[in-house]
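Subject: A structure for you to explore

Hello! Here is the structure I promised to pass on to you. Please open it next to this email and follow along at your own pace.

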Amino acid sequence: MTTQSITLHLSDPVYRYLQQVSTITKRPLEQLVRLSVEGNLPPSVENAPQELQDELLAMQSLSPTQLTSIANSQLPQSQRERYLSLLEQNSAGGISTEDSAEMEALRLAADRLMVRKGYALAVLRWRGHSIPPLAELPVG
């Protein structure tokens with residue numbers, strides 16, 4: 001893997017803290033800084049569905065209010081109810097090919113929404129905003 005060098009200016013308190021951690025953990029200061037940067041970046045979009053990658057990257061330029069709106073978004077109630085109805089039909093074994101395709105499309109829409117919501121929360125966290133506990137996040 002090719003690496004690049006960068007000059008980084010840190011405040012004295014941050015530098016001293018990194019030195020303390022370096023001493024305690026017996027790790028080179030450079031390694032701690034690299035791990036800190038790598039560990040705090042928003043998740044890579046490379047593993048997201050191709051059709052969502054540009055949208056996820058564009059979230060980097062959104063305001064906290066816009067990101068929070070995405071994180072709190074939900075599928076419309078009618079879609080959630082239809083999906084649950086189709087799931088019940090499917091488990092009872094009486095679902096048509098057309099209904100099965102609709103159920104799959106609704107599941108895919110829900111999955112994509114969850115990816116967008118998760119990425120919005122990751123960007124907010126990366127920017128230093130507090131994230132509510134999982135139990136307090138809106139479902140759907």
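Below is what was found in it, going from helix to helix and then to a few single residues. Please keep in mind that this is a predicted model.

**Helix α3 and its buried side**

A good place to begin is helix α3, which covers residues 50-58. Which of its residues are buried? They are L52, Q53 and L56. These residues lie on the same side of α3, because they cover an arc of only 120 degrees around the axis. Part of what covers them is α6, made of residues 97-126.

How do α3 and α6 sit relative to each other? Their axes are 11 Å apart and the packing angle is about 30 degrees, so α3 counts as roughly parallel to α6. The crossing of the two helices is right-handed. On the α3 side, the contact is made by E51, L52, E55 and L56, while α6 brings in R112, V115, R116 and Y119. Sorted by class, this contact has four nonpolar and four charged residues, and no polar ones. Notice that L52 and L56 turn up twice: they are buried in α3, and they also take part in the contact with α6.

**Helix α5 against α6**

Next, please look at helix α5, residues 77-91. The axes of α5 and α6 come within 10 Å and cross at roughly 130 degrees, which means that α5 is oblique to α6. This crossing is left-handed, whereas α3 passes α6 in a right-handed one.

Which residues meet here? From α5 they are Q79, R82, Y83, L86, L87, Q89 and N90, and from α6 they are D99, E102, M103, L106 and R107. By class, the contact of α5 with α6 has five nonpolar, three polar and four charged residues.

One of the α6 residues in this contact, D99, deserves a second look. Is D99 buried or exposed? Its relative accessible area is 16%, and buried means under 20%, so D99 is buried. Leaving aside neighbours within four places in sequence, D99 is in contact with R82, L86 and Q89.

**Three more residues to find**

M59 is in the loop between α3 and α4, the latter being residues 64-71. With a relative accessible area of 1%, M59 is buried. What is M59 in contact with, apart from its neighbours within four places in sequence? The answer is L67, I70, R116, Y119, A120, V123 and R127. Two of these names, R116 and Y119, may look familiar from the contact between α3 and α6. If you would like to try out the distance tool, M59 and D12 are 47 residues apart in sequence, and their C-alpha atoms are 32 Å apart in space.

A105 is in helix α6. Its relative accessibility is 46%, so A105 counts as partly exposed. For another try with the distance tool, A105 and K117 are twelve residues apart in sequence and 18 Å apart in space, C-alpha to C-alpha.

Last comes K26, in the loop between α1 (12-25) and α2 (29-40). K26 is exposed, with a relative accessibility of 74%. Its backbone is worth a look too: K26 has a positive phi of about 55 degrees although it is not a glycine.

Enjoy looking around, and write back whenever you like!

Terms used. Residues numbered from 1 in each chain as written. Predicted model: local features only at pLDDT ≥ 70, side-chain atom pairs only at ≥ 80, totals over all residues. Heavy atoms only, no water. Buried < 20%, exposed > 50% of the residue type's maximum accessible area, 1.4 Å probe, protein only. Helix = DSSP H or I, 4+ residues; strand = E, 2+ residues; numbered from the N terminus. Arc of directions from axis to C-beta. Contact = heavy atoms within 4.5 Å. Axes fitted to C-alpha atoms, helices over the stretch in contact; angles between N-to-C directions. Parallel < 35°, antiparallel > 145°, perpendicular 65-115°, else oblique. Left-handed = near helix turned anticlockwise from the far one by under 90°. Nonpolar A, V, L, I, M, F, W, Y, C, P; charged D, E, K, R; others polar.
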